[in-house]
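Here is a friendly walk through one protein model, written for reading beside the structure viewer. Please keep the sequence within reach as you go.

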Amino acid sequence: MEAEILVVEDEPSIAQLEKLYLESEGFTVHLCADGASALAAAEGGTVDLALLDVMLPDMDGFTLLGRLREKHLFPILMVTARVEDLDKITGLTLGADDYVTKPFNPLELVARVKTQLRRVRQYNPGRGAAAESLDIRGLQISRETHQCLLYGERLNLTPLEFSILYYLCRNQGRVVSSEELFEAVWGEKYLDNNNTVMSHIARLREKMHEPSRRPRFIKTVWGVGYTIE
Ligand code: CA
């Protein structure tokens, strides 16, 4: 998973530990030791997620959380050693997405970071500059122009069909369940909508002139969902 993580932590040994584990997962890590530099780093607009220590030298992590939330929607995880902070963190008003307590297990921290990133990507498949335009073996799809070309020829897709195809392309290599696909594209809770998903996939394949027995792009994974390899 690729992402830029902002780590705000004034204790160097903890900062280094977080950096080490996050980088070993392929994340890019920006370390900041205080709130002011964290706010400046977030201004760049490339941060995908932030980890905030609650006790910082220039402002507390809650103030920083509030200041970040004024402008940014990326997930924010709070890191705290104080039990008395937990009520504040778990209160919904502040806008933190999750928290870990010190001392933490670095693997658990990484798992929580991944969960938050997946959640955001699942519901906002267009986030991240690299995802605007995709090309998979001659299938070109652009979120910006809302156009889809197959071997240079324009496919006439409905907005729903476009969203389905874009979502699958964006998640190339991963099997997307019907439930996930439905909730991401329709934006509603999935309640046995398998036929809806199936019929849209069928129409999409038809428009893409897919051979019915061996589709080249959207493959069915029986009992699970769909994938573009
Ligand atoms: Ca601290």
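The report below takes up the sheet, the helices, the metal site and some backbone details.

This is a predicted model, in which local features need pLDDT of at least 70, side-chain atom pairs count only at pLDDT 80 or more, and totals for chains, interfaces and linings use all residues. Residues are numbered from 1 along each chain as its sequence is written, and side-chain values use heavy atoms, with hydrogens and water left out.

**The sheet**

Let us begin with the strands. Helices (H or I, at least four residues) and strands (E, at least two) are DSSP runs, numbered from the N terminus. Five strands make up an open sheet with parallel pairing, in the order 2-1-3-4-5. Strand 2 (28–32) and strand 5 (98–101) stand at the edges with a single partner strand each, so one side of each lacks a neighbour in the sheet. From one strand to the next, the twist averages 20°. Two strands count as paired if DSSP finds at least two bridges between them; strand 4 (residues 76–80) and strand 5 pair in the parallel sense over four bridges. Here Leu77 stands opposite Asp98 in strand 5.

**Helices on the sheet**

Helix 1 (residues 12–24) lies across strand 1 (4–8), strand 2, strand 3 (49–53) and strand 4, and runs at about 170° to strand 2. Helix 2 (residues 35–43) lies across strand 1 and strand 2, at about 165° to strand 1. For these angles, axes are lines fitted to C-alpha atoms, for helices over the stretch in contact (heavy atoms within 4.5 Å), and angles run from 0 to 180 degrees between N-to-C directions.

Which residues of helix 2 are buried? They are Gly35, Ala38, Leu39 and Ala42. These residues cover an arc of only 100° around the axis (taken from the directions from the helix axis to the C-beta atoms), which puts them on the same side of helix 2. Buried means under 20% relative accessible area, exposed over 50%, and partly exposed in between (1.4 Å probe, protein chains only). Strand 1, strand 2 and helix 3 (61–71) are among the elements that cover the buried residues of helix 2.

**Helix 8**

In helix 8, Val197, His200, Ile201, Leu204 and Arg205 are buried. They cover an arc of only 140° around the axis, which places them on the same side of helix 8. Asn195 and Glu206, on the other side of helix 8, are exposed. The buried residues of helix 8 pack against helix 6 (159–170), helix 7 (178–185), strand 11 (218–221) and strand 12 (225–228).

**The calcium ion**

The protein donors of the calcium ion are Asp10 (OD), Asp53 (OD) and Met55 (O), at 2.1 to 2.3 Å from the ion. Donors are N, O and S atoms within 2.8 Å of the metal (3.2 Å for Na, K and Ca), and sites may look incomplete because water is not among the atoms. Asp53 counts as buried, at 5% relative accessibility.

**Backbone details**

Most residues other than glycine have a negative phi, and most peptide bonds are trans. The peptide bond from Lys102 to Pro103 is cis, with omega near -5°; Pro103 lies in the loop between strand 5 and helix 5 (106–123). The table lists residues with a positive phi.

| Residue | Phi | Place |
|---|---|---|
| Arg137 | near 45° | loop between strand 6 (133–136) and strand 7 (139–142) |
| Tyr151 | near 50° | loop between strand 8 (147–150) and strand 9 (153–154) |
| His209 | about 50° | just after helix 8 |
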